[in-house]
Amino acid sequence: MFSIPGKQAVTLTPAAAKQIARLMQKQDSKGLRIGVKKGGCAGMEYTMDYVSDINPMDETVEQDGARVMIAPMAQMFLFGTEIDYETGLIESGFKFRNPNVVDACGCGESIKFREAEA
């Protein structure tokens with residue numbers, strides 16, 4: 001939908017691809033669907049859900065056994081995002097490095113995108 005020929009909508013670090021492939025196998029899933037929804041203190045939140053059926057309207061990114069689908073309404077917000085998986089002493093999880101984000105809350109769970117110019 002918002003793709004550029006020869007360029008993936010999102011990129012996965014090796015750590016993210018490994019974790020996504022592990023989750024797919026554990027849940028017997030065809031991949032993870034990534035999206036955005038209204039919520040959180042900054043206005044928007046990322047969503048991740050297991051996928052049992054691939055929607056042909058989704059943008060699909062495959063890497064090293066991992067498959068990520070991007071919901072059509074989220075494609076313009078996620079284009080150019082790098083998805084990483086970080087492991088720490090207190091918490092572990094996916095991190096989104098999104099060039100389209102202009103602000104985020106302190107915990108990093110909620111984001112704000114640039115307003116559309118008229």
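K18 is found in helix α1, which covers residues 14-27, and this residue is a convenient place to begin reading the structure, which is a predicted model. At 56% relative accessibility, K18 counts as exposed, because the cut-off for that word is over 50%. Although K18 and A66 are 48 residues apart in sequence, their C-alpha atoms are 7.0 Å apart in space.

**The chain as a whole**

The chain that contains this helix has 2 helices and 9 strands, and when these elements are read along the sequence they follow the pattern β-α-β-β-β-β-α-β-β-β-β. Of the 118 residues in the chain, 39% are buried, while the accessible surface comes to about 7,400 Å², with 51% of that area belonging to carbon and sulfur atoms. If one takes the contacts between residues at least 6 apart in sequence, 52% of them join residues at least 24 apart.

**A sheet of three strands and the helix across it**

Which strands form the open sheet, and in what order? There are 3 strands in the order β1-β6-β7, and their pairing is mixed. The edge strands are β1 (10-12) and β7, each of which pairs on one side only. Neighbouring strands of this sheet are turned against each other by 25° on average, with direction ignored. Helix α1, the element that holds K18, lies across β1, β6 and β7 and runs at about 75° to β6.

Strand β6 (residues 81-87) and strand β7 run antiparallel and are joined by 6 bridges, and together they form a hairpin with 4 residues between them. Two of the bridge partners can be named: E86 has G93 in β7 as its partner, and I83 is partnered in β7 by F96.

**Aromatic pairs**

A pair of aromatic rings is described by the distance of the centres and the angle of the planes. A search of the whole structure finds 2 such pairs, and they are set out below.

| Pair | Arrangement | Centre to centre | Angle between planes |
|---|---|---|---|
| Y46 and F96 | stacked | 4.0 Å | 10° |
| Y85 and F94 | edge-to-face | 5.0 Å | 70° |

The word stacked applies to Y46 and F96 because their planes are 10° apart and the cut-off is under 30 degrees, whereas Y85 and F94 count as edge-to-face because their 70° lies over 60. The pair of Y46 and F96 links distant parts of the chain, since Y46 sits in strand β3 (residues 44-51) and F96 in strand β7 (residues 92-97), 50 residues apart. Is Y46 buried or exposed? Its relative accessibility is 17%, and Y46 therefore counts as buried, the cut-off being under 20%. F96 thus appears twice in this account, as the ring paired with Y46 and as the bridge partner of I83.

**How far to trust the details**

The mean pLDDT of the chain is 82, and 77% of its residues reach 70 or more. Confidence is highest in α1, at a mean of 96, and lowest in strand β9 (residues 110-113), at 59. Where pLDDT is low, the predicted coordinates should not be read in detail.

Methods
Residues numbered from 1 in each chain as written. Predicted model: local features only at pLDDT ≥ 70, side-chain atom pairs only at ≥ 80, totals over all residues. Heavy atoms only, no water. Phe/Tyr/Trp six-rings, centres within 6.5 Å; stacked < 30°, edge-to-face > 60°. Buried < 20%, exposed > 50% of the residue type's maximum accessible area, 1.4 Å probe, protein only. Pairing = 2+ DSSP bridges. Contact = heavy atoms within 4.5 Å. Areas by Shrake-Rupley, 256 points an atom, 1.4 Å probe, with all protein chains shown as cover. Axes fitted to C-alpha atoms, helices over the stretch in contact; angles between N-to-C directions. pLDDT = per-residue confidence, 0-100.
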